[in-house]
Amino acid sequence: MSDKLNIALAGNPNCGKTTLFNELTGSNGYVGNWPGVTVEKKMANWKKDTNVTFVDLPGIYSLSPYSPEEVVSRDYVVKDRPDAVIDLIDVTNIERNLYLTTQILETGRPVVVGLNMCDLLEQHGETIDTKQLSHMLGVPVVEVSALRNKNLDKLVKDAEEAARKQAIAKPVELFSPEVEHALAQIADGIKNQCEPELVRWYAIKVFERDAEAIKPLGLTKNEVAAFEPVIEAVEKERDDDSESIITSDRYDWIATVMEKAVKKSPDKLSTSEKIDRVVTNRVLGLPIFIAVMVFVYWVAIGTVGTAATDWVNDNLFADGWFTNGESQAAYEEDSEAYQDANYDDMISGFLAAAEEQGVSTDGVQDAIDAEEPTSEDEATIADFEAAAEKAGVEAHDVAITDADGNFVDADGEVITTVDEDGNPVLADGQELGVLDTVTLADFEDALDQAEPDPHDYGNFVDSIPNAVTGWLTDAGASDVVISLVVDGIIGGVGSVLGFIPQIFVLFVMLCFLEDCGYMSRVAFVMDRVFRRFGLSGKSFIPMIVSSGCGVPGVLATKTIENERDRRMTAMLTTMIPCSAKLPIIALVMGVLVGSDNGAWWVAPMFYFMGIAAIIISAVMLKKTKPFQGEPVPFVMELPDYHLPSVKSWLLHIWERVAAYVKKAGTIIFAAAVGIWFLNNFGLAGWEGGDGAFGFLPGMDAPADVNVNDFSMLAGVGSALAWLFIPLGFGNWQATAATISALIAKENLVSTFGVIFGLGDATENSVTMWQGFANMFMVGGTLHVGAMCAYVAFNMLCAPCFAAMGTIRRQMDDNKWFWFAIGYECGFGWVVGLLINQFYELFVFGNFGFWTIVAFAFAALILYQLFRPMPKWDQKDEHILSNLSEEAA
Amino acid sequence: MATLRDVKVGETCTVSKLTGTGAIKRRIMDMGLTKGAKVFVRKVAPLGDPIECTVRGYELSLRKDEAQCVEVADVTAA
């Protein structure tokens, strides 16, 4: 035997196993998934001796073949043969905890039992005779407190000793005589097929007819069939099936143990029961649940979480920040004053007036905009000023624009309509906001006014991208390198790190709810509503969270106890519009109704669409093969309430956040860099270009060429645009924006800004509304159907890379991941098709091939929604009904 | 035969037999609802389903559909 020891930690959920694991290891080990399932696997070395490695098995009640948690646990113990197993028992719930113990004792491994929470037991006035218990179980029993780190060393030392001595637990003959007799017969038949210490394990599995478990025995069909009469005889005698007989016998034996080794106090109402009287009360249960959810939402999404994440995104990764409030106030005041003075409007207005009066303005705007004006630029401006003075240029009625580049009326309200040339269209009685006259002196004055630079105010810390750009420029790095590092790498890392504050805040609360026991009550209270859609009561939490951000939303599915619900929820939860999709909604609102006055219903409509999409998808998917299988039991423990210790709470949070950074982070990062590459490289294919492949922003392109039209992203957009013709937006711009929105959904708007050459226009800019609406113009009228189809597709299709990376991490399986992404895109596409085609049909009266396809899809969805649950082969694959039949 | 579904809140009963098959049956048994186990029905969830009961010294919740798989006898008001 080697010096290295593997010790498995087994126990019921809520028995304090995680606390024990963290106490023993400091939680610095490997966190991953068991192969093929979404069950977490944790491994770490003992703090006191790195030769001892602990493997934390999932919290389970039994070693049955039904749930993935139980299957990975028993496979690990029986096939991977850890050197010892520590079985931790919650003594306040000893009767049910011992049920798992009886099964672990049969796995042919050295076993040590830890009795956790003995201190609580004393408070209840109960006692346990440890010696008697140890005698009856035939293995060492140690009283411990995982929370207070009491006796843990002894527990591990005992396990170590048992492992070194190979003191394999001798299974107790706990079944009734007729069962023991049958087991002996079976054992006799299989004793040459397996290791001697596993004979009893396999004998019981044969008796239970557990198909999967007995495979390693390699018995022939006839050999298996030979055991059938033995089992049937016992079943007949007991008038029950073999699986039930085994289970009842275990509990019956435990009852005798309880009698001999445990002294119970008379029942009285515990604190936990008192809390539950209120929390899951028939009347108060729902209001309390809603209050808790509102609080979680308010903290994670409404206030702290979003504020923290915005701070990181806006300051650390965008503009920089002030460490001193006074400097910040001074800067903001000057900045506002600068904005209010409308210097930019003065300059452009004066230039326009000069042009009108025949003064050449060639190159003047560029000279003014130059960041570091050369002497040439200065000469150009000076020449212009001289010429303007000579011609006596004076501008009148120069229109004022706001920070978004919108025209405003005399009252400062945004004018929401512009004509095709970009001139404002006034409503009746509305007056354009103007500067009455702009003289040459005003113009010169405006030129002298520099926009306030935060660097000049002291106590200013530059953002990472700005600082790095500065360093790289100083070091003489080329534009490609700067762009790669700043836009590609830092942008990618930033999109990972930006979410951390929000995820942290969210898990502070979710881990608390989970650790204190409320999460099980959530399932208890909400089950009735969600089971109809094939989801769990706990699916509600990820959806609430996803309305803020899909990344923590998908991570929050961890608390769902059932694997199928977990997968379904992770797949669908990002269909709820997250905060990054709000700019897209604002854009559509702008186009449809001008400004947001009185059109409050547009935004909620997208949330309803999200909720409807989830419900429809869940009902449809529930009836498909991948989500079908055995019905999932909702037989769940409601553990006692208890306050988690700060330490285990923090560790729990740390685990979740670290898992996100490690697993999701790499994918998000790679994808962000990939999109950067597509976006910035391409062929110089414009007129006069040399057709060479290279870094587009670094190429000398004529001023009237938008180099973005030649990027690889544009190429990919054109190549994929045909996919969206039936949806009404088969142009490369719309497609390219959809692709770049995969980095972050709000990129959709800024990408349009770049493609339309609108510079800094935002979702609140009238010019942006115009440009966006132009994409969907058909013969001069706006094709609302196509536009809505486009937005619906972008809301429902694959989420951003951050969320996709998280889904990948959560599914931990490529097949499932691609299934999820594929379904989301497919569903989004179909919804887009339905919207566009039905709009065409009912508003324009167009009927064509795609209309038929749309009707076909609609019919298909309705059929899948309303057809009864298909009857799948209900045969139990795990427990055979008859050994000889199976053998035949 | 009465099932656990029919037992009213506040009543105690004894499990006499389990019907049903597969995962649900095994899970119900694994959680301690085996022949002879005493069950106290503590409450019903706010929306009428699932129910909460005390068995083998702890709180267990199960849906009414699943409670129907548990045949009970000796129903008495506590």
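1. Start with the buried residues of H32(A): these are Val766(A), Met768(A), Trp769(A), Gly771(A), Phe772(A), Ala773(A) and Met775(A). The helix spans residues 766-775 of chain A, and because seven of its 10 residues are buried, it is largely enclosed by the rest of the structure. This is a predicted model, so read everything below in that light. As for what H32(A) packs against, its buried residues meet four helices, namely H26 (582-593), H30 (732-740), H31 (747-755) and H33 (784-796), along with strands S17 (777-778) and S18 (781-782), again in chain A.

2. Now zoom out to the whole chain. Chain A has 37 helices and 18 strands. Its C-alpha atoms fill a box of roughly 115 × 65 × 60 Å along the principal axes. Of its 888 residues, 53% count as buried. If you take the contacts in chain A with a separation of 6 or more, 71% come from residues 24 or more positions apart. The accessible surface comes to about 39200 Å², and carbon and sulfur atoms own 57% of that.

3. For a feel of the distances involved, try Ala427(A) and Asp252(A): they are 175 residues apart along the chain, and their C-alpha atoms are separated by 85 Å. Ala427(A) sits in the loop between strand S11 (395-399) and strand S12 (434-438) of chain A. With a relative accessible area of 45%, Ala427(A) counts as partly exposed, because exposed would need over 50%.

4. On to charges. Chain A carries 60 positive and 123 negative ones, and the mean positions of the two sets lie 25 Å apart. There is also a negative patch on the surface, made by Asp344(A), Asp366(A), Asp369(A), Glu451(A), Asp453(A) and Asp456(A). One of these, Asp366(A), belongs to helix H16 (residues 364-369) of chain A. Asp366(A) is exposed, at 59% relative accessible area.

5. Side chains of opposite charge can pair when their charged atoms come close. Over all chains, the search of the whole structure turns up 38 salt bridges. Have a look at the one between the side chains of Glu208(A) and Arg26(B), at 3.9 Å from N to O. This pair crosses between chains, running from helix H8 (residues 199-208) of chain A, home of Glu208(A), to helix H1 (residues 22-30) of chain B, home of Arg26(B). Are the two partners buried or exposed? Glu208(A) is buried, at 1% relative accessibility, and Arg26(B) is buried too, at 2%.

6. Within chain A, check the salt bridge between the side chains of Asp276(A) and Arg521(A), with N to O at 3.0 Å. It links distant parts of the chain: Asp276(A) is in helix H11 (residues 271-279), Arg521(A) is in helix H22 (residues 518-530), and the two are 245 residues apart. Asp276(A) is buried, with 4% relative accessibility. Arg521(A) is likewise buried, with a relative accessible area of 1%.

7. Another pair worth a click is Arg531(A) with Asp527(A), whose side chains meet in a salt bridge at 3.9 Å, N to O. Asp527(A) is buried, at 0% relative accessibility. Arg531(A) has a relative accessible area of 22%; it counts as partly exposed because the buried class stops under 20%. Which residues join these two in a network of salt bridges? Arg5(B), Asp49(B), Arg63(B) and Asp65(B) are linked with Asp527(A) and Arg531(A), so follow the network into chain B when you display it.

8. Last, the nonpolar side of the surface. Leu484(A), Ile489(A), Val493(A), Leu497(A) and Phe669(A) form a nonpolar patch with about 310 Å² of accessible area together. Helix H20 (residues 479-497) of chain A gives the most to this patch, with four residues. Phe669(A) is found in helix H28 (residues 646-680) of chain A. At 30% relative accessibility, Phe669(A) counts as partly exposed.

Conventions:
Residues are numbered from 1 along each chain as its sequence is written. Chains are lettered from A and ligands numbered from 1 in the order in which they are written. This is a predicted model: local features need pLDDT of at least 70, side-chain atom pairs count only at pLDDT 80 or more; totals for chains, interfaces and linings use all residues. Side-chain values use heavy atoms; hydrogens and water are left out. Patches are made of residues with over 30% relative accessible area and no salt bridge: like charges are joined within 9 Å, nonpolar side chains (Val, Leu, Ile, Met, Phe, Trp, Tyr) within 5 Å. Accessible areas come from the Shrake-Rupley method with a 1.4 Å probe; for residues, only the protein chains shown count as cover. A salt bridge is a side-chain nitrogen of Lys or Arg within 4 Å of a carboxyl oxygen of Asp or Glu. Buried means under 20% relative accessible area, exposed over 50%, partly exposed in between (1.4 Å probe, protein chains only). Contact means heavy atoms within 4.5 Å. Lys and Arg count as positive and Asp and Glu as negative; His and the chain ends are not counted. The place of a charge is taken as NZ of Lys, CZ of Arg, CG of Asp or CD of Glu.
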